[in-house]
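Reader: I would like a close look at one part of this model, with each cut-off stated where it matters. Please take a single helix and follow its charged side chains and its packing.

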Amino acid sequence: MAMCNSECEICHGDGLVEVDGAYAICPNHPGYFEGSGVEQADKDVPNLLPKSRNLSLMGNALRDLRKAGYGMLWLQGDYGIGKTVLARAATVEAVSEFKSASYRRQLELVNWLRSSYSQDNGQAELMRRMQEVTEKRWLVIDEIGRVNQTDFSNEVMGEIIDARYRMALQKQAMTVLISNDAPEKVMSAYLVDRVRDVKNKVLVVQGKSLRKGA
């Protein structure tokens, strides 16, 4: 295993730290966020944005989900209001807290799953990747609705969201689904029924793009 910087104040360069009698990767280690889709720097980005009611609403919803330890959140809003920035920062926190967290854009996720068929054992590899995604404690899928609605994308997204819904009911997983649109516009009625379940949360936020303000 590659080591941390020798000046690391946590592991002093060993790359490992002892937690409850077991060894874990140091938070400063380059591999700590491997496979999560985020990095430590994402945690500080929200602090660069101007304070707003919208950011507070979204930040509180993400924090409440992480605090509960299970559930599903549909985060819907205009472009540039901070949905992605906050979700990535929350994923950094989830990596540290749960050691099992991932942020993915829908297009990236679908393409990664589709590329399974480039392997010799394509179907088996697809199932392995699907399992890897669905079994995360914390999962964010961003930019839902920006993917062409092919049979493959509909099938894999349907399976993932249905599995995450059932895991939420069993208090086993937290899922954040982010879109500019309402669930009814980008999902089948079957999945909308799950997202709209009263046990889940749908947060609609409207506002001006913070990018324009910058």
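Why are Glu125 and Arg128 in helix H4 separated by about one helical turn?

Author: Glu125 and Arg128 are 3 residues apart in helix H4, and they are therefore separated by about one helical turn. The model is predicted, so local features need pLDDT of at least 70 and side-chain atom pairs pLDDT 80 or more, while totals for chains, interfaces and linings use all residues. Residues are numbered from 1 along each chain as its sequence is written, and side-chain values use heavy atoms, without hydrogens or water.

The two side chains meet in a salt bridge, with N to O at 2.9 Å (Lys or Arg side-chain nitrogen within 4 Å of an Asp or Glu carboxyl oxygen). Glu125 is buried at a relative accessible area of 12%, whereas Arg128 is partly exposed at 41% (buried is under 20%, exposed over 50%, partly exposed in between, with a 1.4 Å probe and protein chains only). The pair belongs to a network of salt bridges that links Glu125, Arg128, Arg129 and Glu132.

Helix H4 spans residues 122-134 (helices are DSSP runs of H or I, at least four residues, and strands E runs of at least two, numbered from the N terminus). Two members of the network, Arg129 and Glu132, also take part in the packing against H3, where Leu109, Trp112 and Leu113 meet Leu126, Arg129, Met130, Glu132 and Val133 of H4 (heavy atoms within 4.5 Å). The axes of H3, residues 106-114, and H4 are 9 Å apart, at an angle of about 150 degrees (lines fitted to C-alpha atoms over the stretch in contact, with angles from 0 to 180 degrees between N-to-C directions).

Helix H5, residues 151-169, is another partner, its axis coming within 10 Å of that of H4 and crossing at roughly 40 degrees. Here Leu126, Met130, Val133 and Thr134 of H4 meet residues of H5, including Phe152, Val156, Ile160 and Met167.

A search of the whole structure finds 15 salt bridges, and some of them join distant parts of the chain. Asp42 and Arg88 meet at 3.0 Å, N to O; Asp42 lies in the loop between strand E2 and helix H1 and Arg88 in helix H2, so this pair ties together parts that are 46 residues apart in sequence. Asp42 is buried at 11% relative accessible area, and Arg88 is partly exposed at 21%. Arg66 forms a salt bridge with Glu97, their closest N and O atoms being 3.6 Å apart, and this pair links helix H1 with helix H2 across 31 residues. Arg66 is buried at 14% relative accessibility, while Glu97 is partly exposed at 47%.
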